[in-house]
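User: I'd like a close look at one part of this protein, with the spaces and charged pairs around it. Could you walk me through it?

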Amino acid sequence: MFKLKNQTLLTANQSFKPQNICSLASALSNLDDDQSIHQSNRQKTPILTTQIQVPDPKFYLSALINCKNLQQIKPLHAHLSINGLINDPFLINKLLYMYVRYNALDDAHILFDKMPERNPVSWSVMIGGFAKAGSYINCFDIFKEYLRSGQRPDVYTLPAITRVCRNTQDLKMGRVVHHIVYKFGLHMNAFICAALVDMYAKCGVIDDARKLFDTMKDKDLTTWTVMIGAYAACGNAAESLVLFDQMQEHGGIVPDKISMVTVVNACAKLGAMNKAKMIHDLIQKQHHSLDVILGTAMIDMYAKCGSIDSAREIFDKMRDKNVITWSTMIAGYGYHGQGQKALELFPLMSKNRIKPNNVTFVSLLYACSHSGLVEDGLNIFSLMQEQYFIKPDVKHYTCMVDLLGRAGKLDQAFDMIENMNVEKDVGLWSALLSACRIHNHVEMAQKAAESLLEIQPHNPSHYVMLSNIYAKAGKWENMAKIRAQMTNQNLKKTPGFTWVEAQNKVHKFSSGDHSHCESNKIYEKLTSLVRKLEDCGYVPDTEVVLHDVNEELKLGNLYAHSEKLAIAYGLISTPEGTVIRMTKNLRVCGDCHTFMKFVSVVERREIVVRDAKRFHHVREGVCSCGDYW
C-alpha cells in the first residue's frame, strides 16, 4: 500500500490515466516512506486500505517519458528495483537513455555495468551518450567491450562510433570501424556509409570518401549532402557543384533546405556568380523560406561571388536576423572596400535589439582596415572593450595591426604587438610583415619574419614574403640566402592561379599557361591588347618582377601573369559590355592591378576580382579599393 501526501491511494487495480496528474514521476517522488505511514497510523487517521499490485510496465514507461530532470528519474529507478522490474530489457534501456539524456553519465555507467543482459540498444545508448558528452576515450572503451561481447554491431552503434572517429579525426580507428562494417556485411547500408564518407572527409582523405561514395548503389539525400559538403570543406568547391548537378540529374533527388545551405556555402567558396544565380533561382522555385540559416548563407554567397548589392537585397528581405546575419553583412561590406557602409550598419543593430559579439567587432575592424578608416577603427576597438566589455582576442589585434600597418603607423602597430596580453599567432605577424612590404620597412620585416618562422618554420609563404621585401629593396644577396634556405628545406612557393567565369564554366590559368584549348587565341588577344594599352599610356611596372634579370625577361614574365591570361580569355569568350569575373588565390600584383584599370577603359568592361585579401571592382579606370590593398 502506498499513501500519497494528499492522503489518496495509488493502487495498481485502479483505472490510472497519466494525463490526470502533472507527472507520474513527480507523483512517485512524493510517496511517503514507511515512517510517515506508521505516524499516520499512530494518529489514527482513517485510511482506506487495499492490496497493492505491481504496476504494469507501461506505467513506468509513461513515467520515464514524462521525467523533466534527474531528481524525477532516480525515484523511478528505486521503484523499478523494488517492484522487480529492473531486469525488464525495455524499461532498463529507457531508464539508461533517460540518464544519458540528462547527462548523468556516471549513473548511466553504473546502471549499465549492473545490467545482467545488454542488447544492441543498451550498447548504442551508452556509446551515443559518451559521444555526445565528448568523452571519447570512454566511448571507444565501451565499443571495444561491445565487440568482445560477441554481439553483432547494428546500424545505430556503428554510425555513432564513426562520428566519434570523425570528431577526433582518428583515421586509424575509423579504418578499423570500416573493416568491422565489411566484416558484418553492413557495407551496403546507406546510413552507415554516409557516416563513413563524412568521417573520411573530415579526416582529410577526400579520395577515400569519394571512392566509398561511388560504390554506394542507393544514395539518399543525406549521403549526397555529406559528399557535397566534404568537397567544399577540403577546398574543391567546384566538384561540390558538379555533384549537386549530378544529384538532381541522375539521382532524381530533390534537395531540401539543409542541402541547399550546403551548396550555397560551396558556391560562396568558389565565387562563381553564374552558379550563385542558378542556386538562388532553384531556392525560389522550391519556395524555401529565407530563415536565418539559409538567408545568412546566401548573403555570404553573394558577397563572396562579387555582388554586395545582391547580398544586401537578401539581407533586407529577411524577417529574422541574428548577430551572425548582421556580422556577415558587415564583413561583406568590409572586403568589398565599403567600410563606411559597414559602419552604418552597426548602430542599426542596436535599434533592432541585436547585441554585437566578438565576431561582429572583427568584421567592423576588418572593414576599417581595408578602407583606411584609422580613427574609426581605433574608436571601435575602444568601444568594444569599454561599452560592450568584450576582451580583444588575437583576431581583433590582427585587424588593428593591419589597420595601423597599412596606414604606415608601423611603430604603433609593433608597440601594440609587444604590449598585448594575448598569445601571438601566424595571422598577427603576417599582418605586420605585409605592412612592412607595403612600406618597404626591411628592419621590422626581419623581426616579423623571425617570429613567423618560429611558429611555422616550414611555411614557404613566409620565406617568399621576406624574399620579396629584400628584392624590392635591392638586397639581392639577402634574397638569395632566403631562396637557398627554401631550396635546402625543399620548400616551394605556392603557385598563383586565376579563375575566370565564361560560358557558364570556370576556367583556370597559371602564369605562362599554354594548356587551355584556346591558348593561341588567348595570346593573340593579349598581344594586341598590350599594344592598345601602351598607346593609351600603360607602362609595365617591372619592379614587381622580383628577380635579378634584365628588363626584357621581366616584361616577358609580366605579360604571362595568370591575371592577364584570364582577362584575355574573358574578353574573347564573353559578350561585349558584360562583367568579367575572376578569382585569384594570391594577392593581385601591382602591375596587373594597373593593367586591369586600363582594360576597363579601353575595352569598356567592368572587372571584378576576388584575391586572397579582398574584392576589386574595376570600372572606367578606377578600382573600388582606391589603390589601398
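User: Let's start with Asp300: is it buried or exposed?

Analyst: Keep in mind that this is a predicted model. Asp300 is buried, because its relative accessible area is 18% and the cut-off for buried is under 20%. Its side chain meets that of Lys304 in a salt bridge, at 3.3 Å from N to O. Both sit in helix H17 (residues 292-304), four residues apart, so about one helical turn separates them. Lys304 counts as partly exposed, at 28% relative accessibility.

Lys304 also takes us to the largest cavity. Its lining includes Lys304, Cys305 and Gly306, along with Gly271, Arg581, Met582, Thr583, Val608, Val609, Arg610 and Phe615. Strands S5 and S6 (607-610) are the elements that give two or more residues to that lining. About 50 Å³ of space lies inside, and the count comes to one cavity of 30 Å³ or more. By class, the lining splits into five nonpolar, three polar and three charged residues.

Some of those names come up again in the second largest pocket. Gly271, Thr583 and Arg610 are among the residues nearest the centre of that pocket, together with Lys269 and Leu270; Gly271, Thr583 and Arg610 line the largest cavity as well. The pocket holds about 840 Å³ of space and has 33 lining residues. Helix H14 (237-249) gives the most to the lining, with five residues. Helices H15 (257-270) and H16 (273-285) each supply at least two, as do strands S3 (497-502), S4 (505-510) and S5 (580-584). Sorted by class, you get 14 nonpolar, seven polar and 12 charged residues.

Back to the charged pairs. Side chains of opposite charge can pair when their charged atoms come close. The count here is 19 salt bridges, and two others make a handy comparison with the Lys304 and Asp300 pair. Asp591 and Lys564 meet in a salt bridge at 2.8 Å, N to O. This pair links distant parts of the chain, with Asp591 in helix H32 (residues 590-602) and Lys564 in helix H31 (residues 562-573), 27 residues apart. Asp591 counts as buried at 0% relative accessibility, and Lys564 is buried too, at 0%. Elsewhere, salt bridges that share partners join Asp113, Arg118 and Glu145 into one network. Within that network, the side chains of Arg118 and Asp113 meet at 3.9 Å, N to O. Arg118 is buried at 18% relative accessible area, whereas Asp113 is partly exposed at 47%.

Terms used: Residues are numbered from 1 along each chain as its sequence is written. This is a predicted model: local features need pLDDT of at least 70, side-chain atom pairs count only at pLDDT 80 or more; totals for chains, interfaces and linings use all residues. Side-chain values use heavy atoms; hydrogens and water are left out. On a 1 Å grid over the protein atoms alone, a cavity is a set of points where a 1.4 Å probe fits but cannot get out, and a pocket is an open set with protein on both sides within 12 Å along at least five of seven lines; lining residues have an atom within 4 Å of a point. Grid points are joined across faces, edges and corners, and a volume is the space filled by probe spheres set on the points. Ala, Val, Leu, Ile, Met, Phe, Trp, Tyr, Cys and Pro count as nonpolar, Asp, Glu, Lys and Arg as charged, and the others, Gly among them, as polar. A salt bridge is a side-chain nitrogen of Lys or Arg within 4 Å of a carboxyl oxygen of Asp or Glu. Buried means under 20% relative accessible area, exposed over 50%, partly exposed in between (1.4 Å probe, protein chains only).
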